[in-house]
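Trainee: Got a minute? I'd like to go through this one together before I set anything up.
Mentor: Sure, put it on the screen.

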Amino acid sequence: MNIRQASLKLMIVDDSNIIRRRIERSQQIERLEVVGAAGNGRDAVDMFRRTNPDVVTMDLTMPEMDGIECVEQLVAINPRVLILVVSALADKATAVEAIEKGANGFLCKPFTDRQLNDALEELLRET
Amino acid sequence: MLKEAEIRTFIEGTTHYFATSGQQAATVGSPYLVTDGKPGTFEYTGVIGISGARRGIVYFTAPRGMLTVLLMRMQETDCSEETILDLVGEVANTISGNARRDFGKNFVISVPTVVAHDPDKITAPHQRSYVIPINWRAHSAKLVVCLE
């Protein structure tokens, strides 16, 4: 991607290296520049403070600190951050809880590249 | 003891995973009950601990060949041991997490534990397990569900 054209910073949070790389590789939105990736909620909070991303993709089931708690902490630091939860937890109650804590969208794993890009596009419409 | 509808949840989760991530549907064989505590494993296994309303484990076990092809279908070029272990854990996590669509939020799943070449490291809570055979692109794998 052309970094000079990027106007929004993306941070990827997932305990799977494969999923982190997959999101980085498959997101095709020119406005997004990946500024970091974290493998658990605690590292994500540290990275968030350092890189100040505009958009975050967030797994939920992670070691150290889970995604729901991490969403809450990121929103406390920057209430304007856009968070797309990308999780295998497919029950409605978990999606509702994530939204209530401050997430802006929910994409269920497994996902296709098209579904990821559609979910990110929809999230960015809020900007 | 699992009900038929609950087993169907795991079958649907498995077929959905391969159709989406592997871009090709898997064939799922008839599930069967193992009562001797030895449902069997392939080379790599991702184990999810289940707590909350249900207790036990769910594991996905597969040979390296299947996992390597699955990585390639996901456009992943790194097929190292570390990445294979990451994948087998992620498959187990995704199928188990998807089961919450039917089981609900109180079907609490752990982060995956991954095991290579050593089935003795997998501890089932009791002797009875349901085995769901999976066939995908000439490879065979299993999803094992052992819930109280």
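Trainee: How do α2(B) and α3(B) lie relative to each other, parallel or perpendicular?
Mentor: They're roughly perpendicular to each other. The axes of helix α2 (residues 64-73) and helix α3 (residues 81-98) of chain B cross at roughly 90° and come within 10 Å. Keep in mind that this is a predicted model.

Trainee: Which residues make that contact?
Mentor: From α2(B) you have B:Arg64, B:Leu67, B:Leu70 and B:Leu71, and from α3(B) there are B:Thr83, B:Ile84, B:Leu87 and B:Val88. By class, that contact of α2(B) with α3(B) has six nonpolar residues, one polar and one charged.

Trainee: OK, and what pLDDT does chain B average?
Mentor: Chain B averages 94, and 100% of its residues score at least 70. For the complex, the predictor gives an ipTM of 0.89 and a pTM of 0.92.

Trainee: Let's do the interface then. How many residues of each chain are in contact?
Mentor: On chain A 22 residues are in contact, with 21 residues of chain B. The elements giving two or more residues to chain A's side are α1 and α4 (92-101) of chain A. The largest share of that side comes from α1(A), with six residues.

Trainee: And what's the mix of classes on the side of chain A that touches chain B?
Mentor: Ten nonpolar, six polar and six charged residues.

Trainee: How does α1(A) pack on α3(B)?
Mentor: At an angle of about 90°, with the axes 8 Å apart. An angle from 65 to 115 degrees counts as roughly perpendicular, and therefore α1(A) and α3(B) get that label.

Trainee: Who meets whom between α1(A) and α3(B)?
Mentor: A:Asn17, A:Ile18 and A:Ile19 in α1(A) meet B:Thr83, B:Asp86, B:Leu87 and B:Glu90 in α3(B). Those residues divide into three nonpolar, two polar and two charged. B:Thr83 and B:Leu87 are also among the α3(B) residues that contact α2(B).

Trainee: Switching to the sheet in chain A. What's the strand order?
Mentor: The order is β2-β1-β3-β4-β5 in chain A, an open sheet of five strands with parallel pairing. The edge strands are β2 and β5 (105-108), each pairing on one side only. From one strand to the next, the twist averages 20°.

Trainee: What does strand β1 of chain A pair with?
Mentor: Six bridges tie β1(A), residues 8-13, to β2(A), residues 32-38, and the two run parallel. In that pairing A:Leu10 is opposite A:Val34, and A:Ile12 is opposite A:Ala37. There's also β3(A), residues 55-58, which pairs with β1(A) in the parallel sense over four bridges. There, A:Met11 has A:Val56 as its bridge partner.

Trainee: Which way round do the side chains go along a regular strand?
Mentor: They alternate between the two faces of the sheet.

Trainee: Where does helix α1 of chain A come into this, and with which handedness?
Mentor: Helix α1(A), residues 17-26, makes a right-handed β-α-β unit with β1(A) and β2(A). Remember that α1(A) also gives six residues to the side that touches chain B.

Trainee: I want to check backbone oddities too. Where is there a cis peptide bond?
Mentor: Between A:Lys109 and A:Pro110, with omega about -5°. A:Pro110 is in the loop between β5 and α5 (113-124) of chain A.

Trainee: Which residue of chain A other than glycine has a positive phi?
Mentor: A:Asn52 does, with phi near 50°. A:Asn52 is in the loop between α2 (41-51) and β3 of chain A.

Trainee: Back to chain B: what does strand β7 pair with?
Mentor: Strand β7(B), residues 129-136, has antiparallel pairings with β1(B), residues 27-28, over two bridges, and with β2(B), residues 32-34, over three bridges. B:Thr27 is opposite B:Asn135, while B:Leu33 is opposite B:Tyr130. β7(B) also pairs with β8(B), residues 139-147, in the antiparallel sense over seven bridges, with B:Ile134 opposite B:Ala141.

Trainee: How many residues sit between β7(B) and β8(B)?
Mentor: Two, and the two strands form a hairpin. B:Arg137 in the turn has a positive phi of about 50°.

Methods:
Residues numbered from 1 in each chain as written. Chains lettered and ligands numbered in written order. Predicted model: local features only at pLDDT ≥ 70, side-chain atom pairs only at ≥ 80, totals over all residues. Pairing = 2+ DSSP bridges. Right-handed = clockwise from strand over helix to strand, strands pointing away. Axes fitted to C-alpha atoms, helices over the stretch in contact; angles between N-to-C directions. Parallel < 35°, antiparallel > 145°, perpendicular 65-115°, else oblique. Contact = placed C-beta atoms within 7 Å. Nonpolar A, V, L, I, M, F, W, Y, C, P; charged D, E, K, R; others polar. pLDDT = per-residue confidence, 0-100.
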